[in-house]
Amino acid sequence: MELSEQLKLYLVLETEYLQLPLSDFLENIIKGGVLAIQLRNKSQDLYVKLKLAYIIREITAKYNALFIMNDSIDIAVKVCADGIHIGINDGDALIIRQNYKNMIIGYSCNNMEDAETANKYADYAGIGPYTKTYTKKDHRQILGTDGIYEINKALNIPSVAIGGITIDNAQDVLKAGTKGLAVSSFLCKSKTPYDDAKRLLDIINERV
């Protein structure tokens with residue numbers, strides 16, 4: 001399966017919001033259509049994140065879904081994650097590319113300079129935030145549909161839009177031209193994650 005297809009519905013996991021046990025939640029969203037999961041949990045220490053990463057790696061491997069680790073290349077390597085996602089302040093994309101040639105690299109894009117870096121060193125880009133998001137308190141300038149569209153045009157790698165995306169605004173976000181959506185709180189806070197993931201994927205499939 002091509003990377004762009006696996007990124008259609010991408011979960012940025014914040015475990016503090018989960019309404020179900022982690023294993024149950026992961027099985028539900030993957031069966032609902034999520035094929036890429038990034039563990040973010042910015043505020044947790046490395047030991048806790050490592051324990052969670054092993055659980056996520058086991059379940060994603062079972063269902064052939066991608067596991068992407070946010071920021072920590074050490075954890076990504078230790079649990080044999082499929083990839084690492086970084087931003088402008090999280091690490092050197094060039095060094096990661098040189099040292100981990102088989103690792104999928106995702107890069108956060110908020111402007112044209114970010115897009116240039118992503119084109120050089122990354123396999124996919126996360127463009128955002130689309131709108132205000134409460135799961136990432138230090139987010140950069142809000143882009144809206146027009147801003148995501150302009151950055152997406154400058155990319156020659158697959159991209160997902162991210163930042164405050166829900167079932168209510170998904171159709172508008174997809175007008176920006178990305179092939180996928182990265183969702184966090186909408187799914188993490190859901191009591192019916194299978195149903196909500198499936199609804200989002202249906203919207204994506206209608207547009208892409």
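In this predicted model, the secondary structure of the protein chain comes to 10 helices and 8 strands, and those elements will serve as our landmarks as we go from the whole chain down to single residues.

Let me begin with the overall dimensions. Taken along the principal axes, the C-alpha atoms of the protein chain fill a box of roughly 40 × 40 × 35 Å. The radius of gyration is 15 Å, and since a compact globule of 208 residues would have a value near 17 Å, the chain agrees with that expectation. Of the 208 residues, 54% are buried, while the accessible surface comes to about 9800 Å², with 48% of that area belonging to carbon and sulfur atoms. If we then take the contacts between residues at least 6 apart in sequence, 60% of them join residues at least 24 apart.

Now to the aromatic rings. The structure holds 1 aromatic pair, and its partners are Tyr 10 and Tyr 124, whose ring centres lie 5.7 Å apart and whose planes stand at 55 degrees, so the pair is described as tilted. To see why, remember that stacked planes are under 30 degrees apart and edge-to-face planes over 60, so that an angle between those limits counts as tilted. Which parts of the chain does the pair link? Tyr 10 sits in strand E1, residues 9-13, and Tyr 124 in strand E6, residues 124-127, so that 114 residues separate two partners from distant parts of the chain. Both Tyr 10 and Tyr 124 are buried.

Another ring has a charge for company: the charged end of Lys 189 sits over the ring of Tyr 17, at 4.7 Å from its centre.

If we stay with Tyr 124 for a moment, we come to Ile 157, which is placed in the loop between helix H7, residues 144-154, and strand E7, residues 159-162. The C-alpha atoms of Ile 157 and Tyr 124 are separated by 5.4 Å, although the two residues are 33 apart along the chain. Is Ile 157 buried or exposed? Its relative accessibility is 15%, and because buried means under 20%, Ile 157 counts as buried. Beyond its neighbours within four places in sequence, Ile 157 is in contact with Ala 118, Asn 119, Ala 122, Asp 123, Tyr 124 and Ala 125.

Helix H6, residues 112-121, is our next stop, and Ala 115 lies in it, as does Asp 114. Ala 115 is buried, with a relative accessible area of 1%, and Asp 114 is buried as well, at 2%. Their contacts, again leaving aside neighbours within four places in sequence, can be listed in turn: Ala 115 touches Cys 109, Ile 151, Ala 154 and Leu 155, whereas Asp 114 touches Ile 88, Tyr 107, Ser 108, Cys 109 and Arg 140. As for distances between C-alpha atoms, Ala 115 and Ile 127 are 12 residues apart in sequence and 8.9 Å apart in space, and Asp 114 and Leu 174 are 60 residues apart in sequence and 20 Å apart in space.

Let us turn to the backbone. The peptide bond from Gly 128 to Pro 129 is cis, with omega near 5 degrees, and Pro 129 lies in the loop between E6 and H7. Two asparagines deserve a look for their phi angles. Phi of Asn 41 is near 40 degrees, a positive value in a residue other than glycine, and Asn 41 is placed in the loop between strand E2, residues 36-39, and helix H3, residues 46-62. Asn 64 also has a positive phi, near 60 degrees, and its place is in the loop between H3 and strand E3, residues 66-70. Where they part company is in exposure: Asn 41 is buried, with a relative accessible area of 3%, whereas Asn 64, at 65%, counts as exposed.

I will finish with the cysteines. A disulfide is a covalent bond between the sulfur atoms of two cysteines. How many disulfides does the structure hold? The number is 0. Two of the cysteines show a contrast in their surroundings, since Cys 80 counts as exposed at 57% relative accessibility, while Cys 188 is buried, with a relative accessible area of 0%.

Methods
Residues numbered from 1 in each chain as written. Predicted model: local features only at pLDDT ≥ 70, side-chain atom pairs only at ≥ 80, totals over all residues. Heavy atoms only, no water. Disulfide = S-S within 2.5 Å. Buried < 20%, exposed > 50% of the residue type's maximum accessible area, 1.4 Å probe, protein only. Phe/Tyr/Trp six-rings, centres within 6.5 Å; stacked < 30°, edge-to-face > 60°. Helix = DSSP H or I, 4+ residues; strand = E, 2+ residues; numbered from the N terminus. Lys NZ or Arg CZ within 6 Å of the ring centre and 35° of its normal. Rg over C-alpha atoms; globule rule 2.2 N^0.38 Å. Contact = heavy atoms within 4.5 Å. Areas by Shrake-Rupley, 256 points an atom, 1.4 Å probe, with all protein chains shown as cover.
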